Amino acid sequence: MGALLSLPLMAVPSMGTLMSFGASCCGAAACSAICNQCGIFKSSMATRIAYAFLLLVNSIISWLMLTPWALKKLEHLTLDYVNISCQGKQCYGYVAVQRVNFALGLFHLILSVLLLGVKSSRDGRAALQNGYWGPKLIVWLAFVVLTFFIPENFFQVWGQYIALAGAMLFVLLGLILLVDLAHTWAEYCLEKIEENDSRAWRVLLIGSTLGMFTASFAMTIIMYIFFAQSGCAMNQAAITVNLIVLLIITAVSVHPMVQEYNPKAGLAQAAMVSVYCTYLTMSAVSMEPDDRHCNPLIRAGGTRTASIVLGAIVTMLTIAYTTTRAATQGIALNGNSSHAYSKLGDEEGEHGLVDQQPSSRREMRAEALRAAVEAGSLPANALDDSDDDDDDSDDGRGGKDDERGGTQYNYALFHVIFLLATTWVATLLTQNIDYEATGVATVGRTYWASWVKIVSSWVCYAIYSWSLLAPVVLPGRFGN
């Protein structure tokens, strides 16, 4: 881990840096060689966790490079024998943070292009997504080092325009997916209730709805008590607007006209959107600066450094989780599914019986399963499951590949969303930097970050409201 943290900081063409880079590369290659087939993950979940962890590490490194605190600690660990410099440039601050996140963003951009059109793990390019972790780690570290040879003017433009636009797009995409998740969750529960008349699903739907509304009102009360004191006009306005809009969208969701065009709309979706937007508002007022004495959390007792470090790590973990969820759920925006089963027994004169001698035990099993599917004894996806099991047994690795029949998510879109996440991390960290600070830097404790969260909650309400009203306003396009 020491080499991992020190490498991006020691980006100088000196012999020591090159030797450190070579050692890190050899270490990564050795780890990759130990893992069978370059560490290919057969579980799509393991792959997503690995990319999320990479984003987390990159974000923490970016945060540490905001101030010279980490550099001084690293030099102190070497008894001041190593003097870290970046070709006479600052190894910390605005440009350094942009460099590190640009490197990971470029890494994901290249992967998204290489993985265009991959539909299942049978595609040879799928190994780039699920395997070769040693070489990919080397490429990422190499990109980090190479960014320190790019002129600073490029990153000034990149950070002020391109990264900022990408960050706003990332926030907007997250809000759209949140609204989509609210509708999907409620409709899924309703389907389970209608299919099986399940009391458990009914209790879950009603209980979760009441719980989310209760949490929304509880957070609102807490915000009024602690963050809406006299002289805190910004907080008072944000909290009040959130409460009013919460009540409006709740009423709209059960309006008879909305119910007529969208019978599945209801309080469950409104509850999920409300609790999320209320959380955004509470996060905004609790993370704003305390120059107006409106944030008692900053004045609270406790170890300041420990609280800042904990807050930064929690923020980065939240970003990594949100990015992975959005990148995986993003395929819903395409409306496509990689799983498609052909209709069986539709050929003229087909009688559904096995009329050929199978040439192998594997084919015998496939024929038996096909006959069972045609007779209605098994679902159609049993054929794909059989193929997956056969393929897994052939490779001798013992684990089941859950993407042999089709990818669980869009690989290219996955990396595009991670690219946008790097722009959000860079933008969040580099707003209103305190260039005189020498300790660990706070994350998101600026009015800019607070207003982004407040406006994001309003946009989320607007997106959800449109999802309710669009079928009413444009019935011909959305159907009934």
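1. A good place to start is how the chain folds back on itself. Among contacts in the protein between residues at least 6 apart in sequence, 78% join residues at least 24 apart. Please keep in mind as you read that this is a predicted model.

2. The overall make-up is easy to state: the protein has 19 helices and zero strands. Of its 480 residues, 43% are buried.

3. One helix pair deserves a look on your screen. Helix α8, residues 152–196, packs against helix α12, residues 267–286, at an angle of about 145°. The axes of α8 and α12 are 8 Å apart, and α8 passes α12 in a right-handed crossing.

4. Which residues of α8 and α12 meet? From α8 come L175, L178, L181, A182, H183, W185 and A186. From α12 come A268, Q269, M272, V273, Y276 and L280. By type, the residues of this contact of α8 with α12 divide into 11 nonpolar, two polar and no charged.

5. H183 is worth following beyond that helix pair. H183 sits in helix α8, and it counts as buried because its relative accessible area is 12%, under the 20% limit. Setting aside neighbours within four places in sequence, H183 is in contact with Q269, Y464, S467 and L468. Q269 also appears among the α12 residues that meet α8.

6. T281 gives a second view from helix α12, where it lies. With a relative accessibility of 1%, T281 counts as buried. Not counting residues up to four places away in sequence, T281 touches M223, A238, I239, N242 and S457. Of these, take N242: it is 39 residues from T281 along the chain, yet the C-alpha atoms of T281 and N242 are separated by 7.4 Å.

7. Now to the cysteines. The structure holds one disulfide, and it joins C232 to C294, with an S to S distance of 2.1 Å. The link of C232 and C294 is left-handed, with -100° about the S-S bond. This pair links distant parts of the chain, 62 residues apart. C232 is in the loop between α9 (199–226) and α10 (233–253), while C294 is in the loop between α12 and α13 (296–299). Both C232 and C294 are buried.

8. Why do C277 and C460 not count as a second disulfide? The sulfur of C277 has its closest cysteine sulfur in C460, at 3.7 Å, which is too far for a bond. A disulfide needs the sulfur atoms within 2.5 Å. Seen from the other side, the closest cysteine sulfur to that of C460 is the one in C277, again at 3.7 Å. C277 counts as buried at 0% relative accessibility, and C460 is buried too, with a relative accessible area of 0%.

9. On the aromatic side, the structure holds 14 aromatic pairs. One of them is F102 with F154: the ring centres are 5.4 Å apart and the planes stand at 80°, so the pair is edge-to-face. This pair links distant parts of the chain, with F102 in helix α5 (residues 94–114) and F154 in helix α8, 52 residues apart.

10. Are F102 and F154 buried or exposed? F102 counts as buried, at 14% relative accessibility, whereas F154 is partly exposed, with a relative accessible area of 36%. So F154 falls between the limits of 20% and 50%.

11. There is also an aromatic cluster to colour in. Ring pairs link Y51, W133, Y409, Y411, F414 and F418 into a cluster.

12. Finally, a loop residue. Where does R125 lie? R125 is in the loop between α5 and α6 (126–130), and it is partly exposed, with a relative accessible area of 31%. Leaving aside neighbours within four places in sequence, R125 is in contact with L114, L115, L116, G117 and V118. R125 and L115 are 10 residues apart in sequence, and their C-alpha atoms are 6.4 Å apart in space.

Methods. Residues are numbered from 1 along each chain as its sequence is written. This is a predicted model: local features need pLDDT of at least 70, side-chain atom pairs count only at pLDDT 80 or more; totals for chains, interfaces and linings use all residues. Side-chain values use heavy atoms; hydrogens and water are left out. Axes are lines fitted to C-alpha atoms, for helices over the stretch in contact, and angles run from 0 to 180 degrees between N-to-C directions. Helices (H or I, at least four residues) and strands (E, at least two) are DSSP runs, numbered from the N terminus. A crossing is left-handed if the near helix is turned anticlockwise from the far one by less than a right angle, and right-handed if clockwise. Contact means heavy atoms within 4.5 Å. Ala, Val, Leu, Ile, Met, Phe, Trp, Tyr, Cys and Pro count as nonpolar, Asp, Glu, Lys and Arg as charged, and the others, Gly among them, as polar. Buried means under 20% relative accessible area, exposed over 50%, partly exposed in between (1.4 Å probe, protein chains only). Rings of Phe, Tyr and Trp (its six-membered ring) pair if their centres lie within 6.5 Å; planes under 30 degrees apart count as stacked, over 60 as edge-to-face and the rest as tilted.
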